Amino acid sequence: MGRAEHEHETQRRAVQRDLDGPRTIVFLNPKGGAAKTTGVLMAGYTFGTVRGGGVVAWDNNETRGTLGIRGLRGEHRNTTRELLEDLEKFNDVYQSRIGDLGAFVRSQGDAHFDVLASDERPDVSGTIRADDFRSVHALLQRFYRLVIVDTGNNLRAENWLAAAHAADLLVVTSTVREDTGYSGLWMLDALADAGYADLQRRTVTVLSDPSPKVDEQLASDLVGVYEQRTRAVYRVPYDPVLVSGSVVPYARLSVATQRAWLRACAGMAEAL
């Protein structure tokens, strides 16, 4: 094999590595537009297709997020809220089955992962609390090997803090923009001040290009500072099929996008 092919196969093997238990990867940045949701979907797609399933992407927004809008739509409109209302169905670990979760998660087809959307009902008030997060997280870990969590923008929300605490790996997402880049750094400072141990070892950064042409000096500066704060930084290119805000067409992703996310997910798998 040539060098490129060898690297490709090495990265695939890293993504396919055996895990000795379920793992949780949490994507975070308190700034909107930091590519958290597209990052979660791309990680779900990469881990799902390369590992062959056993992956769920969960929109852990305290109110309403966009993961359910950007992922493939299912035959039902059930979300985390409906799952919480029916959670007692899964109390008996000997009788409940992964197939029963099909009434709440949405298959992503050939991408080989499922999506659990956040609340989509306009007639319901209230937010997802820390206990709600822990209950749903425990259930998903019973049936999936890899739980990938999308988060909201409120660092003080109970479910945001619960997700950060439960994470085996944190993924800071940012675009090549000053506001999203420094928002992620401010978040790392806040987590460090809150006493999160070994933060650098258990965090990676994914830096996305928001347009075909970016400020390469800014990109270099962001890569440099995040390399000092996290264990690795992965650049992913601009892909026009990801920026429309509609359902992500997995089959139309560019080869460069797929390769960049394979490299990033291989790094995440190694960190687990």
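**Exercise 1. Cover over helix H5**

Task: In this predicted model, find which elements cover the buried residues of H5.

Solution.
- Step 1. Locate the helix. H5 spans residues 130-143.
- Step 2. List the buried residues. They are Ala130, Phe133, Val136, His137, Leu139, Leu140 and Phe143.
- Step 3. Look for what lies over them. The cover includes strands E1, E2, E4 (114-116) and E5. Helices H4 (80-85) and H6 also take part.
- Step 4. Check the helix length. H5 has 14 residues and reaches 21 Å from its first C-alpha to its last. That is close to the 20 Å expected at 1.5 Å a residue.

**Exercise 2. A salt bridge within H5**

Task: Describe the salt bridge between Asp131 and Arg134, and classify each partner as buried, partly exposed or exposed.

Solution.
- Step 1. Take the distance. The closest N and O atoms of Asp131 and Arg134 are 2.6 Å apart.
- Step 2. Place the pair. Both residues lie in H5, three residues apart, about one turn of the helix.
- Step 3. Classify Asp131. Its relative accessibility is 51%, so Asp131 counts as exposed. The cut-off for exposed is over 50%.
- Step 4. Classify Arg134. Its relative accessibility is 47%, so Arg134 counts as partly exposed.

**Exercise 3. Strand E5 and its neighbours**

Task: Determine how many residues of E5 are buried, and identify the strands that pair with E5.

Solution.
- Step 1. Count. Six of the six residues of E5 (residues 146-151) are buried, so the strand is largely enclosed by the rest of the structure.
- Step 2. Sort the side chains by direction. Leu146, Ile148 and Asp150 point one way. Val147, Val149 and Thr151 point the other way. All are buried.
- Step 3. Turn to E1 (residues 23-28). Four bridges join E1 to E5, and the two run parallel. Arg23 has Leu146 as its bridge partner in E5.
- Step 4. Turn to E2 (residues 55-60). E2 and E5 also pair in the parallel sense, over six bridges. Here Asn60 is partnered by Thr151.

**Exercise 4. The whole sheet**

Task: Give the strand order of the sheet and name its edge strands.

Solution.
- Step 1. Trace the order. Eight strands form an open sheet, E3-E4-E2-E5-E1-E6-E7-E8. The pairing is mixed.
- Step 2. Find the edges. E3 (106-107) and E8 (233-236) each pair on one side only.
- Step 3. Follow the pairing at E8. E7 (residues 203-208) and E8 pair in the parallel sense over four bridges. Tyr234 in E8 is the bridge partner of Val206.
- Step 4. Add the helices. H6 (residues 158-166) lies across E1, E2, E5 and E6 (169-175), at about 130° to E1. H9 (residues 255-271) lies across E1, E6, E7 and E8, at about 160° to E8.

**Exercise 5. Further salt bridges**

Task: State how many salt bridges the structure holds, then examine the pairs Arg235-Glu216 and Lys89-Asp86.

Solution.
- Step 1. Give the total. The structure holds twelve salt bridges.
- Step 2. Inspect Arg235 and Glu216. Their closest N and O atoms are 3.9 Å apart. The pair links distant parts of the chain: Arg235 sits in E8 and Glu216 in helix H8 (residues 216-229), 19 residues apart. Arg235 is partly exposed, at 29% relative accessible area.
- Step 3. Inspect Lys89 and Asp86. Their side chains meet at 3.6 Å, N to O. Lys89 counts as exposed at 55% relative accessibility. Asp86 is partly exposed at 27%.
- Step 4. Look for a network. Lys31, Arg177 and Asp179 are linked in a network of salt bridges.

**Exercise 6. Gln11**

Task: Decide whether Gln11 is buried or exposed, and list its contacts beyond four places in sequence.

Solution.
- Step 1. Place the residue. Gln11 lies in helix H1 (residues 3-15).
- Step 2. Apply the cut-off. Buried means under 20% relative accessible area. Gln11 has 18%, so Gln11 is buried.
- Step 3. List the contacts. Leaving aside neighbours within four places in sequence, Gln11 touches Leu262, Arg263 and Ala266.

**Exercise 7. Positive phi**

Task: Locate His112 and Asp198, and give the phi of each.

Solution.
- Step 1. Recall the background. Most residues other than glycine have a negative phi.
- Step 2. Take His112. Its phi is positive, about 60°. His112 is in the loop between E3 and E4. It is partly exposed, at 43%.
- Step 3. Take Asp198. Its phi is also positive, near 55°. Asp198 is in the loop between helix H7 (178-193) and E7. It is partly exposed, at 42%.

Notes. Residues numbered from 1 in each chain as written. Predicted model: local features only at pLDDT ≥ 70, side-chain atom pairs only at ≥ 80, totals over all residues. Heavy atoms only, no water. Buried < 20%, exposed > 50% of the residue type's maximum accessible area, 1.4 Å probe, protein only. Pairing = 2+ DSSP bridges. Contact = heavy atoms within 4.5 Å. Axes fitted to C-alpha atoms, helices over the stretch in contact; angles between N-to-C directions. Salt bridge = Lys/Arg side-chain N within 4 Å of Asp/Glu carboxyl O. Expected span 1.5 Å × (residues − 1).
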